[in-house]
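Hi,

Here is the model I promised to send over. Have a look at it first, and my notes follow underneath.

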Amino acid sequence: TNGGGGGKFSLYAHVQLKHWNVGFLHYYEWKQVPNFMLAFPVLFFGCMAACSWIYCSWIRYGIRQRMTMTDKADGDKKTKEKVHSSMFLPLTVKHFIQWALYALRTSVDPSHEMQGIHQRKIEMPFSSFGNMFAFEANDDDEEDSKHNQQSAQLMALIGPHLLAHYAVLAGFVLICATVAHVQISTRMICSSCPAWYWFIAAMLMYQQNKQQRNTTGRGYILLFGRHYDTVSLLIWGYFGLYNALGVVLHVNFLPWT
């Protein structure tokens, strides 16, 4: 026990705070810049993964709400135009709570909540990475069928049923970026968060799908007989460089995680 205050004394917490400098933002020092550079890619992709899951879930919830509002409008043309003209639902407390409940429901039974979305093609007023797997298109023609297949593949990697995995990833990113020694981010996240890899795979698949639709080859880099986009090159380059440097530094007893 702690003789001064009568509370419990934790030796491990004391060592962490006094000797390891573990605490909220304690690691934000100029001398730790190299460690932050080492951890930055992992934290960056982890943050992107969590934000993308939230974004896609919000889009799916918005589509569900728009479908419900359209069905209620029946033959009211003005109401339907007003519903489809809005890009996003307003971020209100009511919508936020409803979205949170929707996300929990779809994490348990995604097929039930997504039922009916594939029966109609809802054109969003923008095209983005998240929009590719925020909803499914219909199967009226070959192009829609191909889009539907790509959407299903991406949904398997960042769909509503993976809420728990992306929540754990978001928590680990927050802890590594604010409390823990930032250099442990690589081994802590990469060894315990499969969602990190799923998101990277989803990004690569999305870029590959974009490349297949681009028949001109413009905007891509020709390397080893194949065309690569900048995002894919950066991802593959990071993995290759990290593994190569890791082999050299680790066996020479130099710091590498």
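**What I found**

At 45% relative accessibility, F96 counts as partly exposed. Bear in mind for this and everything below that the model is predicted.

I start with F96 because it has a ring partner that sits differently with respect to solvent: W99 comes out at 11% relative accessibility, so W99 counts as buried. Both residues belong to helix α4 (residues 93–108), where they are three residues apart, or about one turn of the helix. In general, an α-helix has 3.6 residues a turn, so residues three or four places apart point the same way. The ring centres of F96 and W99 are 5.7 Å apart and the planes make 45 degrees, so the pair is tilted; edge-to-face would need over 60 degrees.

That pair isn't alone, as a search of the whole structure gives twelve aromatic pairs. Take F44 and F45: their ring centres are 5.7 Å apart with the planes at 65 degrees, and that makes the pair edge-to-face. F44 is partly exposed, at a relative accessible area of 39%, whereas F45 is buried, at 12%. Both of them are also part of a cluster held together by ring pairs, with F40, F44, F45, W196, Y197, Y238, F239 and Y242 as its members.

Now the overall layout. The protein chain has eleven helices and two strands. Reading from the N terminus, the order is α-α-α-α-α-α-α-α-α-α-β-β-α, with the two strands sitting just ahead of the last helix. Of the 257 residues, 38% count as buried. Among contacts with a separation of 6 or more, 67% are between residues 24 or more positions apart. The chain exposes about 15,600 Å², and carbon and sulfur atoms supply 64% of that area.

On the annotation side, the unreviewed UniProt entry lists residues 36–59, 154–180 and 227–251 under "transmembrane region". In the model, residues 36–59 are 100% helix and 0% strand, and the C-alpha atoms at the two ends are 33 Å apart. For residues 154–180 the figures are 78% helix and 0% strand, with end C-alpha atoms 32 Å apart.

Helix α8 (residues 163–178) passes a simple length check. With 16 residues at 1.5 Å a residue, α8 should span 22 Å, and its end C-alpha atoms are 23 Å apart, which agrees. The buried residues of α8 are L163, Y166, L169, V173, C176 and T178.

Which residues does S232 touch, leaving out those up to four places away in sequence? They are L204 and Q207. S232 itself lies in helix α11 (residues 230–251), and its relative accessible area of 7% is under the 20% cut-off, so S232 is buried.

Last item: charges. The structure holds one salt bridge. E29 and K31 form the bridge, and their closest N and O atoms are 3.9 Å apart, where the cut-off is 4 Å. E29 is partly exposed at 33% relative accessibility, while K31 is exposed, with a relative accessible area of 66%.

Over to you!

Terms used:
Residues are numbered from 1 along each chain as its sequence is written. This is a predicted model: local features need pLDDT of at least 70, side-chain atom pairs count only at pLDDT 80 or more; totals for chains, interfaces and linings use all residues. Side-chain values use heavy atoms; hydrogens and water are left out. Rings of Phe, Tyr and Trp (its six-membered ring) pair if their centres lie within 6.5 Å; planes under 30 degrees apart count as stacked, over 60 as edge-to-face and the rest as tilted. Buried means under 20% relative accessible area, exposed over 50%, partly exposed in between (1.4 Å probe, protein chains only). Helices (H or I, at least four residues) and strands (E, at least two) are DSSP runs, numbered from the N terminus. The expected span of a helix is 1.5 Å times one less than its number of residues. UniProt positions are given in the numbering used here, feature names are shortened, and annotations may be inferred rather than shown by experiment. Contact means heavy atoms within 4.5 Å. Accessible areas come from the Shrake-Rupley method with a 1.4 Å probe; for residues, only the protein chains shown count as cover. A salt bridge is a side-chain nitrogen of Lys or Arg within 4 Å of a carboxyl oxygen of Asp or Glu.
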